[in-house]
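This briefing introduces a structure to a reader who has not met it before. It covers the sheet, the helices that lie on it, and one pocket.

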Amino acid sequence: MQPNDVWLVVPLYNEAKVIGDVVRTARTRFPKIVCVDDGSTDQSAERADEAGAVVVRHPVNLGQGAALQTGLAYALTDPDMRYCVTYDADGQHQLADVEDMLERIREGDVRVMFGSRFLDDRTQAAGLKKLVLRMAVAYTNLTTGTRLTDAHNGLRVLERGVVARLDITQNRMAHASEIVAQIGAMRIDGEPVAYAEAPVHILYTDYSKAKGQSLWNAVNILAELIWR
């Protein structure tokens with residue numbers, strides 16, 4: 001049975017080659033998907049629409065953080081939404097991981113699930129890139145008071161109360177640390193927001209590397225964290 005209380009929120013920028021397949025595959029398990037077309041100059045929005053996603057458009061490119069904020073705001077308009085999943089458009093996330101994270105969060109003792117590439121050995125990242133990402137997560141933990149192993153993984157599951165309180169203002173790479181910082185400081189009914197991590201498999205393909213999963217992108221993440 002497909003869950004009616006879950007929305008996949010997909011930032012979308014110039015992914016016309018793959019987004020149709022990504023949406024069609026995801027909708028076999030999660031029928032509610034909103035793609036936020038962030039000023040694409042190709043046919044990304046049309047391909048996502050044809051595949052069955054709701055498409056919300058930014059007239060100009062604002063950045064992934066802004067696209068996530070727009071998509072989360074859209075999902076909140078559905079009174080049946082209980083969980084949002086932030087999900088990348090390039091095909092690197094695995095639906096089995098989403099299902100595992102949802103099963104965990106439905107137990108009710110946490111409100112946020114973060115995906116981590118560093119809790120098992122399925123994700124094959126180059127050694128130098130892994131080192132830079134670990135430096136980034138160390139900086140994020142130091143400055144936000146959280147304890148994570150991977151703060152810059154785009155796969156997350158957020159409970160509705162958390163979604164309603166998030167206010168993402170960092171449009172570019174620093175948005176991931178901003179999300180962590182806001183969750184670390186958040187209180188719901190006077191209590192800190194409980195979170196946990198789950199091991200996930202990020203599939204780095206030649207396509208996803210070309211779209212921004214290179215070592216240079218990891219360096220940019222670290223630089224944005226320090227100088228934002």
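Contact here means heavy atoms within 4.5 Å, and angles run from 0 to 180 degrees between N-to-C directions. The model is predicted. An open sheet of seven strands comes first below, followed by two helices that lie across some of its strands and by the second largest pocket.

**Sheet**
- The strands of the open sheet follow the order E3-E2-E1-E4-E6-E5-E9, and their pairing is mixed.
- At the edges are strand E3 (54-58) and strand E9 (195-199), each of which pairs on one side only.
- From one strand to the next, the twist averages 20°.
- Strands of a sheet pair through backbone hydrogen bonds, in either a parallel or an antiparallel sense.
- Strand E4 (residues 83-86) is paired with strand E6 (residues 156-159) in the antiparallel sense, over four bridges.
- Val-85 has Val-157 in E6 as its bridge partner.

**Helices across the sheet**
- Helix H2 (residues 44-51) lies across strand E1 (6-12), strand E2 (33-38) and E3, and runs at about 160° to E3.
- Helix H7 (residues 175-185) lies across strand E5 (112-116) and E6, and runs at about 35° to E6.

**Second largest pocket**
- The volume of the second largest pocket is about 180 Å³.
- Helix H1 (residues 19-27) gives the most to its lining, with four residues.
- Other parts of the chain also supply lining residues, including Tyr-87, Asp-90, His-93 and Leu-95.
- By type, the lining divides into five nonpolar, three polar and two charged residues.

Methods: Residues numbered from 1 in each chain as written. Predicted model: local features only at pLDDT ≥ 70, side-chain atom pairs only at ≥ 80, totals over all residues. Heavy atoms only, no water. 1 Å grid on protein atoms, 1.4 Å probe; cavity = no way out; pocket = protein on both sides within 12 Å on 5 of 7 lines; lining within 4 Å. Points joined across faces, edges and corners; volume = space filled by probe spheres on them. Nonpolar A, V, L, I, M, F, W, Y, C, P; charged D, E, K, R; others polar. Pairing = 2+ DSSP bridges.
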